[in-house]
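User: Got a minute to go through side-chain contacts with me? I'll just fire off questions as they come.

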Amino acid sequence: MSKLTIRSLEELEKYEGTEMGVSDYHTITQQQINLFADATLDHQWIHLDAERAATETPFKATIAHGYLTVSLLPYLWHQITAIENLKMQVNYEIESLRFNQAVTVDSAVRLRAKLLSVKNLRGIAKARLEVTLEIEGSKKPAFTGVITFLYHFND
């Protein structure tokens, strides 16, 4: 599926209730996990100690932080859609989010997104998305949820 380009609230509304698409796969490396641990001060060994994780966890490897996978949402969403003609975009809400499966190091993940609804808030588009982070080779997703972005389009 090709990347969608949306330039206005009216164009966004046309996609309400439809699956917007699927991103490319992104491989989560140990370096990315380490940098996220440093940025968030979450240095729990299940993320950083490969030897210990291999022997003491059911995953047999280090795992990505759940919030690292959530933080990929805007990046992966931008692979599905190009929202243009914007003053700004704001991450507004995580309405629901369920972590279903850990993402082990060197796993590839991708985003599947459906536009649930669009509301016009005095010229600002409030877009609610159903999101699923799929793990390559796994039937069970890393997470599922509903998130909201606010789009401030130029006049």
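User: How many aromatic pairs does a search of the whole structure find?
Analyst: Five aromatic pairs turn up. Keep in mind that this is a predicted model.

User: OK, take Phe99 and Phe143. What's the geometry there?
Analyst: That pair is edge-to-face, with 6.3 Å centre to centre and 85° between the planes.

User: And which strands are they in?
Analyst: Phe99 sits in strand S5, and Phe143 is in strand S8, residues 143–153. The pair therefore ties together parts that are 44 residues apart in sequence.

User: Phe143, buried or exposed?
Analyst: Buried, with a relative accessible area of 0%. Phe99 is partly exposed, at 42% relative accessibility.

User: What about Phe149 and Tyr151, how are those rings arranged?
Analyst: They're tilted: 55° between the planes and 6.1 Å centre to centre. Both Phe149 and Tyr151 are buried.

User: Which residues do ring pairs link into a cluster?
Analyst: Trp77, Phe149, Tyr151 and Phe153.

User: Sticking with rings for a sec, what lies over the face of Trp45?
Analyst: Arg52 does, at 4.0 Å from the ring centre.

User: Switching to charges. How many salt bridges does the count come to?
Analyst: Six salt bridges. One of them is Arg7 with Glu84, where the closest N and O atoms are 3.3 Å apart.

User: Where in the chain are those two?
Analyst: In distant parts of it, 77 residues apart. Arg7 is in the loop between strand S1 (4–6) and helix H1 (9–13), while Glu84 is in the loop between strand S4 (81–83) and strand S5 (86–99).

User: Why does Arg7 count as partly exposed?
Analyst: Because its relative accessibility is 43%, and partly exposed runs between the 20% and 50% cut-offs. Glu84 is partly exposed too, with a relative accessible area of 34%.

User: Next one: what does Glu19 form a salt bridge with?
Analyst: Arg112, with the closest N and O atoms 3.0 Å apart. Glu19 lies in strand S2 (residues 19–22) and Arg112 in strand S6 (residues 108–121), so this pair ties together parts that are 93 residues apart in sequence.

User: How accessible are they?
Analyst: Glu19 comes out at 41% relative accessibility, so it counts as partly exposed. Arg112 is at 26%, and that counts as partly exposed as well.

User: What do you have on Arg112 and Glu134?
Analyst: Their side chains meet in a salt bridge, 2.7 Å from N to O. Glu134 is in strand S7 (residues 124–135) and Arg112 in strand S6, so the pair ties together parts that are 22 residues apart in sequence. Glu134 counts as buried, at 17% relative accessibility.

User: Which residues end up in one network through shared partners?
Analyst: Glu19, Arg110, Arg112 and Glu134, joined by salt bridges that share partners.

User: Now backbone. What's phi of Lys60?
Analyst: Near 65°, so positive, in a residue other than glycine. Most residues other than glycine have a negative phi.

User: Where does Lys60 lie?
Analyst: In the loop between helix H4 (50–56) and helix H5 (66–71). Lys60 counts as exposed, at 53% relative accessibility.

User: And what's the phi of Asn85?
Analyst: Positive, about 65°, although Asn85 is not a glycine. Asn85 lies in the loop between S4 and S5. That loop also holds Glu84.

User: How accessible is Asn85?
Analyst: Partly exposed, with a relative accessible area of 35%.

Terms used:
Residues are numbered from 1 along each chain as its sequence is written. This is a predicted model: local features need pLDDT of at least 70, side-chain atom pairs count only at pLDDT 80 or more; totals for chains, interfaces and linings use all residues. Side-chain values use heavy atoms; hydrogens and water are left out. A salt bridge is a side-chain nitrogen of Lys or Arg within 4 Å of a carboxyl oxygen of Asp or Glu. Helices (H or I, at least four residues) and strands (E, at least two) are DSSP runs, numbered from the N terminus. Buried means under 20% relative accessible area, exposed over 50%, partly exposed in between (1.4 Å probe, protein chains only). Rings of Phe, Tyr and Trp (its six-membered ring) pair if their centres lie within 6.5 Å; planes under 30 degrees apart count as stacked, over 60 as edge-to-face and the rest as tilted. A charge sits over a ring if NZ of Lys or CZ of Arg is within 6 Å of the ring centre and within 35 degrees of the ring normal.
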